[in-house]
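Please open the structure in a viewer and keep the sequence panel in sight. The tour below proceeds by selection, with a short account of what each selection shows.

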Amino acid sequence: MTKPAVTRRVLPSSPFKAPVAPPLKSFDIGNRVSHDEHGLGRVVGIEDEIAVLVDFGSFRARITSPFTKMAKL
């Protein structure tokens, strides 16, 4: 099933709560991270909350936002 292109409007009189946007993930230089595909790494660079550069030991990867596959340890 596909997602609709337009988000649904929530009426003030609706008994259902409006969907809450998840908080944006933020990373700092030196943070240890875990990536679903690449494994464990360390943040070595940040590009204005758009992307982070992560050193995974044998290679470096530029991970772009949203960071759905990466978690801070």
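**First stop: a loop and its proline**

Select Pro66, which lies in the loop between E4 and E5. The model on the screen is a predicted one. Now add Ser65 to the selection: the bond joining Ser65 and Pro66 is a cis peptide bond, with omega of about 5°. As background, most peptide bonds are trans.

**Second stop: the neighbour in sequence**

Move to Phe67 and display its surroundings. Which residues does Phe67 touch, leaving aside those up to four places away in sequence? They are Lys25, Phe27, Ile50, Ala51 and Val52.

**Third stop: the nonpolar core**

Phe67 also belongs to the largest nonpolar core, which has 10 residues in all. To see the whole group, select Phe27, Val33, Val43, Val52, Val54, Phe56, Ala61, Ile63, Phe67 and Met70. Two elements, E3 and E4, give two or more residues to this core.

**Fourth stop: strands E3 and E4**

Show the backbone of strand E3, residues 51-55. Strand E3 pairs with E4 in the antiparallel sense, over 5 bridges. One place to look is Asp55, whose bridge partner in E4 is Arg60. In general, strands of a sheet pair through backbone hydrogen bonds, either parallel or antiparallel.

**Fifth stop: the sheet**

Switch to a cartoon view and follow the strands across. In what order do the 5 strands of the open sheet lie? The order is E4-E3-E2-E1-E5, and the pairing is antiparallel. At the edges are strand E4 (60-64) and strand E5 (70-72), each of which pairs on one side only. On average, neighbouring strands of this sheet are turned by 40° against each other, direction ignored.

**Last stop: the whole chain**

Finally, select everything. The protein has 0 helices and 5 strands, and along the sequence the pattern reads β-β-β-β-β. The radius of gyration is 17 Å, whereas the globule rule gives 11 Å for 73 residues, so the protein is more spread out than a compact globule. Rotate the C-alpha trace to view its extent: along the principal axes the trace spans about 55 × 25 × 20 Å.

Colouring by burial gives another view: buried residues make up 21% of the 73 residues. With the surface displayed, the accessible area comes to about 6,200 Å², of which 58% belongs to carbon and sulfur atoms. Among contacts with a separation of 6 or more, 29% are between residues 24 or more positions apart.

Definitions and conventions: Residues numbered from 1 in each chain as written. Predicted model: local features only at pLDDT ≥ 70, side-chain atom pairs only at ≥ 80, totals over all residues. Heavy atoms only, no water. Pairing = 2+ DSSP bridges. Helix = DSSP H or I, 4+ residues; strand = E, 2+ residues; numbered from the N terminus. Axes fitted to C-alpha atoms, helices over the stretch in contact; angles between N-to-C directions. Rg over C-alpha atoms; globule rule 2.2 N^0.38 Å. Buried < 20%, exposed > 50% of the residue type's maximum accessible area, 1.4 Å probe, protein only. Contact = heavy atoms within 4.5 Å. Areas by Shrake-Rupley, 256 points an atom, 1.4 Å probe, with all protein chains shown as cover. Core = buried A, V, L, I, M, F, W, Y, C linked by side-chain atoms within 4.5 Å.
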